[in-house]
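Visitor: Please show me how to read a protein structure, one feature at a time.
Guide: Gladly; here it is, and we can look at it together.

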Amino acid sequence: MLEITDLQKIGVGLVGFGMFFLLFGILLYMDSVLLAFGNILFLCGLAVIIGLRRTFGFFFQKEKLKGTSFFLGGIIIVLLRWPLLGMLLETYGFINLFRSFFPIAFGFLGSLVNVSFLNKLFQKFGDASSAV
């Protein structure tokens, strides 16, 4: 079993609150203050969970620089109070950054939900994403 330290539990809480503030900011018609606060909490929580060195190592890999630039650029645009454009850039960067993780997540969801139609759909989407 994987043990989680107390500091990592705090990081999970920060990521959770960050996601809450991002969702709440979107629901309140792109409130830039809530979105900026959610972005900061999300990044701080991620750094606390996996550590600063691994966070920088993940974001600044050569093949992920495009996604990182769009993601961090979107955060800066949100901080400059252009929330719609910033969130669009962040979304594009997030998809580019975590593209390799999506097939794993969909495979896990397919095994978690034992519905044959969803299993086939998740397997098909996971296989198509891994070919890219």
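Guide: Let us begin with a pair: helix 1 passes helix 2 in a left-handed crossing. A crossing is left-handed if the near helix is turned anticlockwise from the far one by less than a right angle, and right-handed if clockwise. Helices here are DSSP runs (H or I, at least four residues), strands are E runs of at least two, and both are numbered from the N terminus. Two notes before you go on: this is a predicted model, in which local features need pLDDT of at least 70 and side-chain atom pairs count only at pLDDT 80 or more, while totals for chains, interfaces and linings use all residues. Residues are numbered from 1 along each chain as its sequence is written, and side-chain values use heavy atoms, with hydrogens and water left out.

Visitor: At what angle do the axes of helix 1 and helix 2 cross?
Guide: Two packed helices are described by the angle between their axes and the distance between the axes. Each axis is a line fitted to C-alpha atoms, for helices over the stretch in contact, and angles run from 0 to 180 degrees between N-to-C directions. Here helix 1 (residues 6-27) and helix 2 (residues 32-50) cross at roughly 160°, and their axes come within 7 Å. The two are therefore roughly antiparallel to each other. For angles, under 35 degrees counts as roughly parallel, over 145 as roughly antiparallel, 65 to 115 as roughly perpendicular and the rest as oblique.

Visitor: Which side of helix 1 is buried, and which residues are exposed on the other side?
Guide: An α-helix has 3.6 residues a turn, so residues three or four places apart point the same way. Buried means under 20% relative accessible area, exposed over 50%, and partly exposed in between (1.4 Å probe, protein chains only). In helix 1, the buried residues are Gly11, Val15, Gly18, Phe21, Leu22 and Gly25. They cover an arc of only 125° around the axis, which puts them on the same side of helix 1. That arc is the one of the directions from the helix axis to the C-beta atoms. On the other side, Asp6, Lys9, Phe17, Leu23 and Leu27 are exposed.

Visitor: What is the relative accessibility of Phe17?
Guide: For Phe17 the value is 53%, and this residue of helix 1 counts as exposed. From its C-alpha to that of Asn39 is 9.9 Å in space, with the two positions 22 residues apart in sequence numbering.

Visitor: How far apart are the end C-alpha atoms of helix 1?
Guide: The expected span of a helix is 1.5 Å times one less than its number of residues. For the 22 residues of helix 1 that gives 32 Å, and the end C-alpha atoms lie 31 Å apart, which agrees.

Visitor: Where is Met30?
Guide: Met30 sits in the loop between helix 1 and helix 2. Its phi is near 60°, a positive value in a residue other than glycine. Met30 is partly exposed, with a relative accessible area of 23%.

Visitor: What about a second pair? Which way do helix 4 and helix 5 cross, left-handed or right-handed?
Guide: Helix 4 passes helix 5 in a left-handed crossing. They pack at an angle of about 160°, with axes 7 Å apart. These helices are therefore roughly antiparallel to each other. In the loop between helix 4 (65-79) and helix 5 (83-97) you will find Arg81, whose phi is near 70°, a positive value in a residue other than glycine. Arg81 counts as exposed at 56% relative accessibility.

Visitor: Which residues of helix 4 are buried?
Guide: Gly67, Thr68, Phe71, Gly74, Ile75 and Val78 are buried in helix 4. They cover an arc of only 135° around the axis, which puts them on the same side of helix 4. The face turned away from that buried side carries the exposed residues Lys66 and Ile76.

Visitor: How many helices does the protein chain have?
Guide: The chain has seven helices and zero strands. Of its 132 residues, 30% count as buried. In helix 7 (residues 116-130) you can try Lys124 for yourself: at 64% relative accessibility, Lys124 counts as exposed.
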